[in-house]
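The following exercises concern a single protein chain. Each task is followed by a solution that proceeds step by step.

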Amino acid sequence: MEHDTPLWQLVSGWLGLGGYFQWIESQAIAYLRRPSDANRFELNVNFMPELISKTGHENVEVRLNGVEIGARDFTVAGRQSVVWPLPKGNAGQTRVDFLVTPEFKANAGDRKLGIAIVSFGFLS
């Protein structure tokens, strides 16, 4: 996640850029182009110590075009990656949904936050 990340890719649920990561709400949607040889999907997150003290863990589920490809329960602080195998699929524009539970509020009146995403995308 950088300042030159195309904004059209991040549809809803994306909050401000925080250095090398971007916070999402408990539900976020992005669009990516899936290459024809993609066989894995990678998600890199930064699980903040503040989240551990408030929630104890964060579960992130990823869906591609509405189909769940995997979920991971993050329980320790720091940058972490997860890679899921992909079912066969067509190349082209793909909707990516991130669903995070539990959500939390940093302060009263704040938006409900999910997790800080460093990067995500298709691998071959």
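A salt bridge is counted here when a side-chain nitrogen of Lys or Arg lies within 4 Å of a carboxyl oxygen of Asp or Glu. The model is predicted, and side-chain atom pairs count only at pLDDT 80 or more.

**Exercise 1. Salt bridges**

Task: Find the salt bridges of the structure and describe the burial of their partners.

Solution.
Step 1. Side chains of opposite charge can pair when their charged atoms come close. A search of the whole structure returns 2 salt bridges.
Step 2. Arg63 pairs with Glu61, with 2.5 Å between the closest N and O atoms. This distance satisfies the cut-off of 4 Å.
Step 3. Arg63 has 32% relative accessibility and counts as partly exposed, whereas Glu61, at 16%, counts as buried.
Step 4. Arg95 pairs with Asp97, and here the closest N and O atoms are 2.8 Å apart. Arg95 is partly exposed at 30% relative accessibility, while Asp97 is buried at 11%.

**Exercise 2. Aromatic pairs**

Task: Determine how many aromatic pairs there are, and classify the pair of Trp14 and Phe120.

Solution.
Step 1. A pair of aromatic rings is described by the distance of the centres and the angle of the planes. The count comes to 7 aromatic pairs.
Step 2. For Trp14 and Phe120, the centres are 5.7 Å apart and the planes make an angle of 25°. Planes under 30 degrees apart count as stacked, so the pair of Trp14 and Phe120 is stacked.
Step 3. Trp14 belongs to strand E1 (residues 10-17) and Phe120 to strand E8 (residues 113-123), so their pair ties together parts that are 106 residues apart in sequence. Both partners are buried: Trp14 has a relative accessible area of 13%, and Phe120 one of 16%.
Step 4. Phe21 and Trp23 form an edge-to-face pair, with 6.5 Å from centre to centre and 85° between the planes. Phe21 is buried at 11% relative accessibility, and Trp23 is buried at 18%.
Step 5. Ring pairs also join Trp14, Phe41, Phe98, Phe120 and Phe122 into a cluster.

**Exercise 3. The nonpolar core**

Task: State which residues have the most contacts inside the largest nonpolar core, and which strand gives the most to this core.

Solution.
Step 1. The largest nonpolar core comprises 35 residues. Phe41, Leu43, Phe98, Ile115 and Phe120 have the most contacts inside it.
Step 2. At least two residues of this core come from each of E1, strand E2 (22-34), strand E3 (40-47), strand E4 (58-64), strand E5 (67-74), strand E6 (78-85), strand E7 (92-101) and E8.
Step 3. E8 gives the most, with 7 residues.
Step 4. Phe41, Phe98 and Phe120, listed among the residues with the most contacts in this core, are also members of the ring cluster.

**Exercise 4. Backbone geometry**

Task: Locate the cis peptide bond and the positive phi of Asn65.

Solution.
Step 1. Most residues other than glycine have a negative phi, and most peptide bonds are trans.
Step 2. Thr101 and Pro102 are joined by a cis peptide bond, with omega about -10°. Pro102 is in the loop between E7 and E8.
Step 3. Asn65 has a positive phi, near 50°. Asn65 is in the loop between E4 and E5.

**Exercise 5. The chain as a whole**

Task: Give the order of the elements of the chain and assess how compact the chain is.

Solution.
Step 1. The chain contains 1 helix and 8 strands, which run β-β-β-α-β-β-β-β-β from the N terminus.
Step 2. The radius of gyration is 14 Å, close to the 14 Å that the globule rule gives for 124 residues, so the chain is as compact as a globular protein of that length.
Step 3. The C-alpha trace spans about 45 × 25 × 25 Å along its principal axes.
Step 4. Of the 124 residues, 44% count as buried. The chain exposes about 6,600 Å², of which carbon and sulfur atoms supply 49%.
Step 5. Among contacts with a separation of 6 or more, 68% are between residues 24 or more positions apart.

**Exercise 6. The surroundings of Ser12**

Task: Which residues does Ser12 touch, not counting residues up to four places away in sequence?

Solution.
Step 1. Ser12 lies in strand E1 and is partly exposed, with a relative accessible area of 32%.
Step 2. Beyond the excluded sequence neighbours, Ser12 touches Gln27, Ala28 and Ile29.
Step 3. Thr55 is 43 residues from Ser12 in sequence, and their C-alpha atoms are 23 Å apart in space.

Note on methods: Residues numbered from 1 in each chain as written. Predicted model: local features only at pLDDT ≥ 70, side-chain atom pairs only at ≥ 80, totals over all residues. Heavy atoms only, no water. Buried < 20%, exposed > 50% of the residue type's maximum accessible area, 1.4 Å probe, protein only. Phe/Tyr/Trp six-rings, centres within 6.5 Å; stacked < 30°, edge-to-face > 60°. Helix = DSSP H or I, 4+ residues; strand = E, 2+ residues; numbered from the N terminus. Core = buried A, V, L, I, M, F, W, Y, C linked by side-chain atoms within 4.5 Å. Rg over C-alpha atoms; globule rule 2.2 N^0.38 Å. Contact = heavy atoms within 4.5 Å. Areas by Shrake-Rupley, 256 points an atom, 1.4 Å probe, with all protein chains shown as cover.
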